[in-house]
Structure formats: structure tokens, C-alpha cells
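This report reads the structure shown below helix by helix and then turns to its charged pairs and its surface. Please keep the structure in view while reading.

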Amino acid sequence: MIQLNYRDAKPIYEQIQDGLRKLIVTDSLAANDKLPSVREMAASLAINPNTIQRAYRDLESEGYIYTIAGKGSFVAGQKEVDNAREHSLFSTFDATVAELLYLSVPKRDLVERIERIERGEEIDTGKAGKEEF
């Protein structure tokens with residue numbers, strides 16, 4: 001379900017959030033699907049339940065999930081996702097595109113990449129052949 005990288009500088013709770021967001025936006029988790037309980041998820045990932053609780057709380061504040069007391073956490077429908085998240089993603093997108101244009105990446109390459117993502121094609125992240133330490 002979710003892969004954690006303990007060598008990554010990104011905190012574990014953010015990796016969990018990113019993993020769940022990806023599952024939700026790719027429809028691997030559909031609206032109203034029940035998420036594993038905090039304890040179940042913590043046990044399956046072998047991490048502290050407080051870490052899972054933080055990830056769930058943040059995802060709920062973003063509108064990706066909702067919680068029903070005594071029942072658990074569930075995937076929210078697309079329309080419930082907060083506009084603030086959209087604004088945040090566009091801000092990141094704008095900054096990234098501006099930097100890529102500054103680095104002389106042609107506009108057509110950016111458009112082609114967006115179209116490939118839309119079609120669900122695998123995207124080369126440019127790390128192939130580079131050593132990681």
C-alpha cells in the first residue's frame with residue numbers, strides 16, 4: 001500500500017500523507033473507502049501510531065479523508081477536497097514551471113510532460129544513471 005523511505009529527509013508522516021494522496025487521486029482508493037485504523041496502519045508499517053494519527057489529521061484538514069467517531073477514517077469524495085489544497089498545488093506548480101523556464105526547458109517539453117501525465121504514462125524523473133549517496 002505505502003512505501004516508506006527511512007533515508008529520505010522528508011518526515012515519515014509526510015511520506016504517509018503523500019502515499020495516501022497518491023492512492024486517492026489515482027482512484028486506487030475510491031470515495032467512502034474505509035482506511036485502515038491508526039493501529040492497523042502503524043502495525044503494518046512498524047511505526048508509532050502517533051505518526052499515523054498526524055498524517056490522518058493533516059489529510060482530514062486538507063479534505064482528502066473524513067473521520068466518523070467510533071467507525072474510522074474514510075476517503076472523501078473529490079468535491080470535498082479543500083480549495084486551499086488546489087491553491088497550494090498551483091503555487092508549487094507555478095514556482096516549479098518558472099524555475100524550469102529559467103533553466104531553458106522548452107515550453108513544449110512542459111506541455112508534453114503534462115499530456116503524458118494526463119494519459120497515465122510513466123514519467124522519467126531524470127534520476128536514471130545518476131548515483132545516489
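## Helix α3 and its buried face

In this predicted model, the buried residues of α3 are Ile-52, Ala-55, Tyr-56, Leu-59 and Glu-62. Looking down the axis of α3, one finds these buried residues within an arc of 120°, so they line one face of the helix. On the other side of α3, the exposed residues are Asn-50 and Ser-61.

The length of α3 agrees with its residue count, because 14 residues at 1.5 Å a residue should span 20 Å, and the end C-alpha atoms are 20 Å apart. At the start of α3, Asn-48 brings a side-chain oxygen to within 2.7 Å of the backbone nitrogen of Asn-50. After α3 comes Gly-63, which has a positive phi, near 95°.

## Helix α1 and the loop that follows

Helix α1 covers residues 12-25, and its 14 residues should span 20 Å at 1.5 Å a residue, which agrees with the 20 Å between its end C-alpha atoms. Its buried residues are Tyr-13, Gln-15, Ile-16, Gln-17, Gly-19, Leu-20, Arg-21, Leu-23 and Ile-24, a list that holds nonpolar side chains such as Leu-20 and Ile-24 together with the charged Arg-21.

Most residues other than glycine have a negative phi. Against that background, two residues of the loop between α1 and α2 deserve a look. Asp-27, placed in this loop just after α1, has a positive phi of about 65° although it is not a glycine. Asp-27 counts as exposed, because its relative accessible area is 61% and the exposed class begins over 50%. Asn-32 also lies in the loop between α1 and α2, and although it is not a glycine, it has a positive phi of about 75°.

## The two sides of α2

Helix α2 is made of residues 38-45, and among its residues Val-38, Met-41, Ala-42 and Leu-45 are buried. These buried residues cover an arc of only 100° around the axis, which puts them on the same side of α2. The face turned away from that buried side carries Arg-39, Glu-40, Ala-43 and Ser-44, which are exposed.

## A buried charged pair between α1 and α3

Side chains of opposite charge can pair when their charged atoms come close. Which side chain does Arg-21 meet in a salt bridge? The partner is Glu-62, with an N to O distance of 3.0 Å. Because Arg-21 lies in helix α1 and Glu-62 in helix α3, the pair ties together parts that are 41 residues apart in sequence.

Is this pair buried or exposed? Both Arg-21 and Glu-62 are buried; for Glu-62, the relative accessible area is 17%, and the buried class holds values under 20%. Glu-62 is found in α3, which runs over residues 49-62, and it belongs to the buried face described above.

## Other salt bridges

A search of the whole structure finds 5 salt bridges. Glu-121 takes part in salt bridges with Arg-116, at 3.2 Å from N to O, and with Arg-119, where the closest N and O atoms are 2.7 Å apart. Separately, salt bridges that share partners join Lys-10, Asp-18, Arg-21 and Glu-62 into one network, so the pair between α1 and α3 is part of a wider set of charged contacts.

The residues around Glu-121 can be placed by their accessibility. Glu-121 counts as partly exposed at 36% relative accessibility, and Arg-116 also counts as partly exposed, at 25%. Arg-119, by contrast, is exposed, with a relative accessible area of 52%.

## A nonpolar patch on the surface

Phe-90, Phe-93 and Ile-114 form a nonpolar patch on the surface, and together they have about 290 Å² of accessible area. One of these residues, Phe-93, is found in helix α4, which covers residues 83-102. At 39% relative accessibility, Phe-93 counts as partly exposed, because that class lies between the 20% limit for buried residues and the 50% limit for exposed ones.

Notes. Residues numbered from 1 in each chain as written. Predicted model: local features only at pLDDT ≥ 70, side-chain atom pairs only at ≥ 80, totals over all residues. Heavy atoms only, no water. Helix = DSSP H or I, 4+ residues; strand = E, 2+ residues; numbered from the N terminus. Buried < 20%, exposed > 50% of the residue type's maximum accessible area, 1.4 Å probe, protein only. Expected span 1.5 Å × (residues − 1). Arc of directions from axis to C-beta. Polar contact = N/O pair within 3.5 Å; in protein donor to acceptor, adjacent residues only side chain to side chain. Patch = residues over 30% accessible without salt bridge, like charges linked within 9 Å, V, L, I, M, F, W, Y side chains within 5 Å. Areas by Shrake-Rupley, 256 points an atom, 1.4 Å probe, with all protein chains shown as cover. Salt bridge = Lys/Arg side-chain N within 4 Å of Asp/Glu carboxyl O.
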